[in-house]
Amino acid sequence: MIKQMLQFHPIQLEDKEWIDPLLAASDNMGCEYSFANNLAWRRLADSQVGSWGGFYLNKHETADRISFLFPAGNGDLAALLSELMDYANLRGRALTFFGASAQAAAYVQQQFPGRFTVTAERDDFDYIYRLEDLRTLAGKKYHQKRNHLKKFQEYPFVYAPLTEADYDDCIRLSAECYLQKNGVSDYSGQVEQLAIHTFFMHFTQLGLCGGTLRVDGKLAAFTLGERINSNTLCVHIEKGDLSFNGVYPAINYYFANHVDDPAIQYVNREDDLGLPGLRKSKLSYHPAFLLEKYRLVQTGFHEEGE
């Protein structure tokens with residue numbers, strides 16, 4: 001039998017055709033398991049992609065480690081993990097996985113006891129909400145959100161699905177938000193601008209959806225996302241003009257109320273990056289749960305190689 005070689009290349013739009021079925025096979029609700037996200041954020045870690053034995057591989061490299069998004073797909077997972085260890089070790093580096101679920105971490109520990117350290121990455125946990133909660137804002141716990149929403153509703157606003165006619169205004173608002181946060185000195189902020197341009201450049205091909213809020217014709221907020229598994233919509237980008245009171249609760253509320261896919265039960269609003277203000281904001285919407293993610297780092301590699 002011919003041994004399958006591991007080969008990687010920078011992710012391109014044309015890769016969507018073969019990557020999407022492999023992501024769908026895992027049905028993961030994590031924001032990393034989205035072709036659109038992988039394409040848009042490819043420059044953050046100079047990621048490359050490839051396939052092996054029915055699995056999708058997304059690789060990041062540093063001077064001391066070779067890291068992979070925990071593989072998505074169907075096949076002999078244990079054989080793949082062994083192959084990836086060999087791949088990294090032959091290049092003089094330890095193997096790392098990121099974005100692994102609790103189940104994936106347990107599987108690796110069972111298959112390779114003592115070979116990996118497992119660390120929960122709290123800053124990367126995704127916030128998962130019930131769509132119905134975001135649509136209704138019902139109950140005492142959402143009292144403050146309803147008050148913010150009422151403030152925005154005092155403006156002469158219009159909500160509409162995001163279309164090609166909105167792209168330029170959305171990009172302009174994103175740039176304004178970027179400059180207000182002094183994003184010029186922040187590499188992740190710079191990459192976000194590139195990601196936003198990628199989303200709009202390929203909006204239809206990526207299967208994205210979104211919504212806009214305009215006040216007297218001026219764009220006040222927009223959001224965009226996509227269905228990423230059998231029951232979850234992921235919000236990739238959300239931007240608002242803070243001169244409008246309640247703008248963020250409003251775009252969240254109206255977008256949730258215009259989701260027309262009956263299969264959607266949950267909304268993934270991604271992680272908080274460990275930023276205290278963002279964490280407080282995401283918790284204030286009372287997530288149904290936090291999607292835990294783990295980093296697995298190969299241990300004892302240097303000792304084994306000596």
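Helices and strands are taken here as DSSP runs numbered from the N terminus, with at least four residues (H or I) for a helix and at least two (E) for a strand. With that naming in hand, the predicted model can be toured element by element, starting with its open spaces.

The second largest pocket has a volume of about 240 Å³. Its lining comprises 21 residues, and those closest to the pocket centre are Ser26, Asn28, Tyr33, Ser101 and Ala104. Three elements, α1 (16-26), β5 (72-73) and β6 (94-100), each contribute at least two residues to this lining. In terms of residue class, the pocket is lined by 11 nonpolar, 6 polar and 4 charged residues.

Enclosed space can be described in a similar way. The structure holds 1 cavity of 30 Å³ or more, and the largest cavity contains about 40 Å³ of space. Its lining is made up of Leu131, Leu134, Leu233, Val235, Asn252, Phe255, Ala256, Val259, Val267 and Arg269. Two or more of these lining residues come from each of α5 (131-136), β12 and α9 (247-257). Helix α9 gives the largest share, 3 residues. Sorted by class, the lining of the largest cavity has 8 nonpolar residues, 1 polar residue and 1 charged residue.

Attention now turns to the sheet. An open sheet is formed by 7 strands in the order β9-β10-β11-β12-β13-β8-β14, and their pairing is mixed. Strands β9 (157-161) and β14 (289-291) each have a single partner strand and stand at the edges, so one side of each has no neighbour in the sheet. On average, and with direction ignored, neighbouring strands of this sheet are turned by 25 degrees against each other. At the β14 edge, strand β8 (residues 126-130) runs antiparallel to β14, and 3 bridges join the two. One residue pair can be picked out by name: Ile128 has Phe289 in β14 as its bridge partner.

Helix α7 ties the account of the sheet to that of the helices. This helix lies across β10 (209-215), β11 (218-227) and β12 (232-240), and runs at about 100 degrees to β11. Helix α7 (residues 167-180) also packs with helix α8 (residues 187-201), at an angle of about 175 degrees and with the axes 11 Å apart. Because angles over 145 degrees count as roughly antiparallel, α7 and α8 are described as roughly antiparallel to each other. On the α7 side, the contact is made by Tyr167, Cys170, Ile171, Ser174, Ala175 and Tyr178, while α8 supplies Gly189, Gln190, Gln193, Ile196, His197 and Phe200. This contact of α7 with α8 has 7 nonpolar and 5 polar residues, and no charged residues.

Two further helix pairs show crossed arrangements. Helix α6 (residues 143-152) packs with α9 at an angle of about 95 degrees, and their axes are 8 Å apart. The two are therefore roughly perpendicular to each other, given that this description covers angles of 65 to 115 degrees. In this contact, Lys145, His148, Leu149 and Phe152 of α6 meet Val247, Pro249, Ala250, Tyr253 and Tyr254 of α9. The residues of the contact of α6 with α9 are divided by class into 7 nonpolar, 1 polar and 1 charged. Helix α9 thus appears both in this helix contact and in the lining of the largest cavity.

The other pair consists of helix α3 (residues 77-90) and helix α4 (residues 102-111), which pack at an angle of about 75 degrees with their axes 11 Å apart. These helices, too, are therefore roughly perpendicular to each other. Helix α3 brings Leu77, Ala78 and Leu81 to the contact, and α4 brings Tyr107, Val108 and Gln111. By class, the contact of α3 with α4 includes 5 nonpolar residues, 1 polar residue and no charged residues.

Terms used:
Residues are numbered from 1 along each chain as its sequence is written. This is a predicted model: local features need pLDDT of at least 70, side-chain atom pairs count only at pLDDT 80 or more; totals for chains, interfaces and linings use all residues. Side-chain values use heavy atoms; hydrogens and water are left out. Axes are lines fitted to C-alpha atoms, for helices over the stretch in contact, and angles run from 0 to 180 degrees between N-to-C directions. Angles under 35 degrees count as roughly parallel, over 145 as roughly antiparallel, 65 to 115 as roughly perpendicular and the rest as oblique. Contact means heavy atoms within 4.5 Å. Ala, Val, Leu, Ile, Met, Phe, Trp, Tyr, Cys and Pro count as nonpolar, Asp, Glu, Lys and Arg as charged, and the others, Gly among them, as polar. On a 1 Å grid over the protein atoms alone, a cavity is a set of points where a 1.4 Å probe fits but cannot get out, and a pocket is an open set with protein on both sides within 12 Å along at least five of seven lines; lining residues have an atom within 4 Å of a point. Grid points are joined across faces, edges and corners, and a volume is the space filled by probe spheres set on the points. Two strands pair if DSSP finds at least two bridges between them.
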